[in-house]
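Student: I have a two-chain model open and would like to work through it with you. Could we start with the terms and then go from single residues to the whole?

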Amino acid sequence: CSCVSLIGDRSRSEFSTADSDGASKAPVLPRFHNLQELRHSASLANKVFIQRDYTDGTVCKFQTKFPSELESRIERTLFEDTVKTLNNYYAEAEKIGGQSYLEGCLACLTIYLIFLCIETRYEKVLKKISRYIQEQNEKVYAPRGLLITDPIERGMRVIEISVYEDRGSSGSSSGSSTTSSSGR
Amino acid sequence: MITRKVTRKWEKLPGKNTFCCDGRVMMGRQKGVFYLTLFLIVGTCSLFFAFECPYLAVHLSPAIPVFAVLLFVFVMAMLLRTSFSDPGVLPRALPEEANFIEMEIEAANGNVMAGQRPPPRIKNVQINNQIVKLKYCYTCKIFRPPRASHCSICDNCVDRFDHHCPWVGNCVGKRNYRYFYLFTLSLSLLTIYIFAFNIVHVVLREYRNIFEHVVSLTPHCTVLEVLVCFFTLWSVVGLTGFHTYLISLNQTTNEDIKGSWSGKNRVQNPYSHKSIIKNCCEVLCSPTYPSVLDRRGVMLEDLSSPTPSDASAASTHQSSNPVSQTTKSSAPLIPNEHTPDEAKPGIGSGTQKSTSSPKEEKPPSPTSPNAVAPAVIKESSH
């Protein structure tokens, strides 16, 4: 099942893990300027999984602990900003307040047929999240050889960060080691 | 142009669910009892509309059948919504994530001596100052989130798992619990309503002594309806009361059966807001969660074979895929998590009163699944 890549209806920034046709460039430093270059000249070295933070209950929230595998790849503050912004988005989506009551009552009165016409608030926020992740990938992560997968594609369990290595440079130590010390 | 059948993700989902309408409808494995439920509800209501309502509309008020129709429509809508929607299934871990978790577990357990059983895979998390144990699911290869549980009938981990209800033919979990509750509540009202007006009808007939041309048939129907309503009343009203109690405490049936928060060992329910109103609001008025399964997404095969590319898929990332064939009509605009259950009543035309007895991971009564559902799930190993 590793050769099947799943692309959904929604426009998500999902990368195929299979390499494309291999015109292998060999830049001197493993810096990728955009997603196009990342695809053409990099190979997947490792994946880091940011787990959920359950201290506030079952709301969707991810741990902001900086994983050690990314230490050499990205600044801690950038990573924490991304995760905190995502957590804020999810908190906004799951907020129980006036709007969610209104939505619930209206939906109940129309026996939930109204969802055929309008989007739920959660879905609107998910779209915002998808756009945000794509923007972050383009601006922050791809230039550093990383790629974030939208958590919804992993069942909202983890934020998957794929670490890419330049295809030309083999045996670089930062990507090939798979330490398992991150996580909680 | 090569036209090829588009493979959607639901066809490759592991687990023992049945899917209909090209992935729009998702149910559990055995649907026989669900058909019985439908038969009882629709049958009893049909008898009521055919035999009692004309009399009551004329002699009492036309509002009676109107209200009965509204209630009936609501009951059916909630039943279909509960039965056909994704209860909150958690997808299984992909290989990389499973390996990552395995390595974490091995690192946490340290060295296990040869011959010793490895310690159980449990993660402790602190939720609202309570220690909650998260268990590892060997089937799905994940640590289950709090309140999730694995349903052995559907072979899925379900978020906020309540129970697997054979009467609705599906699990009851985070996404469809409120529909299930509204179903039992409205069914209780409908049962009481029909029961009450059956009694009124019989009493009126006694007093007025009017003989109509269907008089020989009507008493039998009334008796039948009264019997069905009587037995349903006790079970459904009881069930509604039980779930009202659970909602006020923000507990699931699963937790109640296991006695997770029964107070021994000083463990309190960490999810409860300690206020009945807040608990009810959270369970019934929280935002509608989306399905994470994406059943109707298009699956792209290996690059070597010509792949169907859906128009709405993010095909910009797949530069090497030859876009050489047309697909069938692209995914509809209706998002997949909102199954248009009202549009598909074609399962059966029976009525059944449902007397849902909460069962948790127990095998249901052996009823053979009806062959109406054409979709078959190929269980893919991971």
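Tutor: Gladly! One cut-off first: buried means under 20% relative accessible area, exposed means over 50%, and partly exposed lies in between. Keep in mind that this is a predicted model.

Student: Then let us use that cut-off: is Arg147(B) buried or exposed?

Tutor: Arg147(B) sits in the loop between β6 and β7 of chain B. Its phi is near 75°, a positive value in a residue other than glycine. The relative accessible area of Arg147(B) is 10%, and the limit for burial is under 20%. Therefore Arg147(B) counts as buried.

Student: And which class of exposure does Lys141(B) fall into?

Tutor: Lys141(B) belongs to the loop between β5 and β6 of chain B. Lys141(B) is not a glycine, yet has a positive phi of about 60°. With a relative accessible area of 27%, and with the middle class lying between 20% and 50%, Lys141(B) is partly exposed.

Student: Now the strands on either side of that loop. In what order do the three strands of their open sheet run?

Tutor: Take the pairings one by one. β4(B) and β5(B) are antiparallel partners over six bridges, with Val125(B) opposite Val132(B). Strand β5 (residues 130–137) is joined to β6(B) by two bridges, again antiparallel, and Cys137(B) stands opposite Ile142(B) there. The edge strands are β4 (122–127) and β6 (142–143) of chain B, and the order is β4-β5-β6.

Student: Which residue takes a positive phi in the hairpin of β4(B) and β5(B)?

Tutor: That hairpin has two residues between the strands. The phi in question is near 50°, and the residue that takes it is Asn128(B).

Student: Which side chains of β4(B) point to the buried face?

Tutor: In a regular strand the side chains alternate between the two faces of the sheet. β4(B) shows this alternation: Ile122(B), Asn124(B) and Gln126(B) point to one face and are not buried. Pointing to the other face, and buried, are Lys123(B), Val125(B) and Ile127(B).

Student: There is another three-stranded open sheet in chain B, with antiparallel pairing. What is its strand order?

Tutor: Look for the edges, since each edge strand pairs on one side only: they are β3 (89–90) and β7 (149–151) of chain B. β3(B) pairs with strand β8 (residues 156–158) over two bridges, in the antiparallel sense. Within that pair, Leu90(B) stands opposite Cys157(B). The order is β3-β8-β7.

Student: Let us move to a helix. What is the relative accessible area of His243(B)?

Tutor: His243(B) lies in helix α5 of chain B. Leaving aside residues up to four places away in sequence, His243(B) touches Asp162(B), His163(B), Tyr177(B), Phe180(B), Tyr181(B) and Thr253(B). Tyr181(B) is 62 residues away along the chain, but the two C-alpha atoms are 7.1 Å apart. His243(B) is buried, and its relative accessible area is 0%.

Student: Which four residues touch the most other members of the largest nonpolar core?

Tutor: This core holds 53 residues. The elements that give two or more residues to it are β2 (25–27), α1 (32–59), α2 (63–84), α4 (177–208) and α5 (218–249) of chain B. A second, separate core of 30 residues includes Leu70(A), Val125(A), Tyr141(A) and Val292(B). In the largest core, the four residues asked for are Phe34(B), Ile41(B), Met78(B) and Phe183(B).

Student: What volume does the largest cavity have?

Tutor: There are seven cavities of 30 Å³ or more. Lining the largest are 18 residues, and the closest to its centre are Gly155(A), Met156(A), Asp159(B), Lys174(B) and Val292(B). That lining divides into eight nonpolar, four polar and six charged residues. The volume of the largest cavity is about 190 Å³.

Student: To finish, what percentage of the residues counts as buried in chain A, and what percentage in chain B?

Tutor: Chain A has five helices and four strands, running β-α-β-α-α-α-β-β-α from the N terminus on. Chain B has seven helices and eleven strands. Of the 184 residues in chain A, the buried part is 51%; of the 382 residues of chain B, it is 53%.

Key:
Residues are numbered from 1 along each chain as its sequence is written. Chains are lettered from A and ligands numbered from 1 in the order in which they are written. This is a predicted model: local features need pLDDT of at least 70, side-chain atom pairs count only at pLDDT 80 or more; totals for chains, interfaces and linings use all residues. Side-chain values use heavy atoms; hydrogens and water are left out. On a 1 Å grid over the protein atoms alone, a cavity is a set of points where a 1.4 Å probe fits but cannot get out, and a pocket is an open set with protein on both sides within 12 Å along at least five of seven lines; lining residues have an atom within 4 Å of a point. Grid points are joined across faces, edges and corners, and a volume is the space filled by probe spheres set on the points. Ala, Val, Leu, Ile, Met, Phe, Trp, Tyr, Cys and Pro count as nonpolar, Asp, Glu, Lys and Arg as charged, and the others, Gly among them, as polar. Two strands pair if DSSP finds at least two bridges between them. A nonpolar core is a set of buried Ala, Val, Leu, Ile, Met, Phe, Trp, Tyr and Cys residues joined through side-chain atoms within 4.5 Å. Buried means under 20% relative accessible area, exposed over 50%, partly exposed in between (1.4 Å probe, protein chains only). Contact means heavy atoms within 4.5 Å.
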